[in-house]
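User: I should like to learn how to read the main features of a protein model from its coordinates. Could you take me through one case step by step?

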Amino acid sequence: MWIFTRYGFFSAVCAREGDGAHGRPIDPDRIMVRARLRDHLERLIAAFPDLVGGATIIETPTVDYPCRIIVPKSTWSAVLSRLGDETDADNFKSSASRHQGAAGQSYLKALHDVWSIMRRMEIDRR
């Protein structure tokens, strides 16, 4: 699942068993929350310290999504619920960019790029 939030962009997938290395079986009870930027995960952890405060950011610079945390699936479900509860704006892109600090303009541009691509898909289906 891809999720764009005020804290950043994340890709959430089932983690693999043990240390999560490639080739290990999937662990359906754990989620690997992956990010392209470390500060996105740092913001997520800071926003929900009671849920993911103990998570360690794993950095592997040579892979897709170089930063990740592994949490129980129930924890990720609780984070998603809280993200829904804190929705307080009528324009996601503008709201999200304000929470990014100095990186806000870069994140806003990326959000607009994704919006444009998905809009093209909508138009193509007509």
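Analyst: The discussion below moves from the overall fold to the core, the strands, the loops and the charged side chains. Please note at the outset that this is a predicted model.

User: Let us begin with the fold. How many helices and strands are there, and in which order do the elements run?

Analyst: The protein has 5 helices and 5 strands. Read from the N terminus, their order is β-β-β-α-α-β-β-α-α-α. The C-alpha trace spans about 45 × 35 × 25 Å along its principal axes. Of the contacts between residues at least 6 apart in sequence, 54% join residues at least 24 apart.

User: What share of the residues is buried, and what supplies the accessible area?

Analyst: Buried residues account for 35% of the 126 residues. The protein exposes about 7,700 Å², and carbon and sulfur atoms supply 55% of that area.

User: How should I read the interior?

Analyst: The general idea is that nonpolar side chains tend to be buried together in soluble globular proteins. In this model, the largest nonpolar core has 20 residues, and the members that touch the most others are F10, V33, L41, L44, I69, V71 and W76. Two or more residues come from each of β2 (9–16), β3 (26–35), α1 (38–47), β5 (67–72) and α3 (73–85). Apart from this core lies another one of 5 residues, including Y65, A96, Y107 and L111.

User: Which residues does L44 contact, once its neighbours within four places in sequence are left aside?

Analyst: With those neighbours excluded, L44 is in contact with Y7, F10, V33, V52, W76 and V79. A55 offers a second example, this time from a loop, the one between α2 (49–52) and β4. Under the same exclusion of neighbours within four places, A55 contacts I45, I69 and V71. A55 and I45 are 10 residues apart along the chain, and their C-alpha atoms are separated by 7.7 Å.

User: Where do nonpolar residues form a patch on the surface?

Analyst: Such a patch is formed by V114, I117, M118 and M121, which together have about 350 Å² of accessible area. V114 belongs to helix α5 (residues 104–125). Its relative accessible area is 33%, so V114 counts as partly exposed.

User: How do the first strands pair, and in what sense do they run?

Analyst: Strand β1 (residues 2–4) is joined to β2 by 3 bridges, and the two run antiparallel. Within this pair, F4 stands opposite F9. Pairing between β2 and β3 is also antiparallel, over 6 bridges; there, A15 of β2 faces D27 of β3.

User: What should I look for in the backbone angles?

Analyst: Most residues other than glycine have a negative phi. The hairpin of β1 and β2 has 4 residues between its strands, and G8 takes a positive phi near 145° in it. Y65 is not a glycine, yet its phi is positive, at about 55°. Y65 is located in the loop between β4 (58–59) and β5. Because its relative accessibility is 4%, Y65 counts as buried.

User: Finally, how many salt bridges does a search of the whole structure find, and how should I read them?

Analyst: The underlying idea is that side chains of opposite charge can pair when their charged atoms come close. The search of the whole structure finds 11 salt bridges. One of them joins R30 and D27, with an N to O distance of 3.0 Å. D27, with a relative accessible area of 16%, is buried.

User: Which partners does E122 have?

Analyst: E122 forms a salt bridge with R119, where the closest N and O atoms are 2.9 Å apart. Both residues lie in helix α5, 3 residues apart, or about one turn of the helix. E122 also meets R126 in a salt bridge, again with a value of 2.9 Å from N to O. As for exposure, E122 is partly exposed at 37% relative accessible area, R119 is partly exposed at 28%, and R126 is exposed at 69%. Elsewhere, R6, E86 and D88 are joined into one network by salt bridges that share partners.

Definitions and conventions: Residues numbered from 1 in each chain as written. Predicted model: local features only at pLDDT ≥ 70, side-chain atom pairs only at ≥ 80, totals over all residues. Heavy atoms only, no water. Core = buried A, V, L, I, M, F, W, Y, C linked by side-chain atoms within 4.5 Å. Buried < 20%, exposed > 50% of the residue type's maximum accessible area, 1.4 Å probe, protein only. Contact = heavy atoms within 4.5 Å. Patch = residues over 30% accessible without salt bridge, like charges linked within 9 Å, V, L, I, M, F, W, Y side chains within 5 Å. Areas by Shrake-Rupley, 256 points an atom, 1.4 Å probe, with all protein chains shown as cover. Salt bridge = Lys/Arg side-chain N within 4 Å of Asp/Glu carboxyl O. Pairing = 2+ DSSP bridges.
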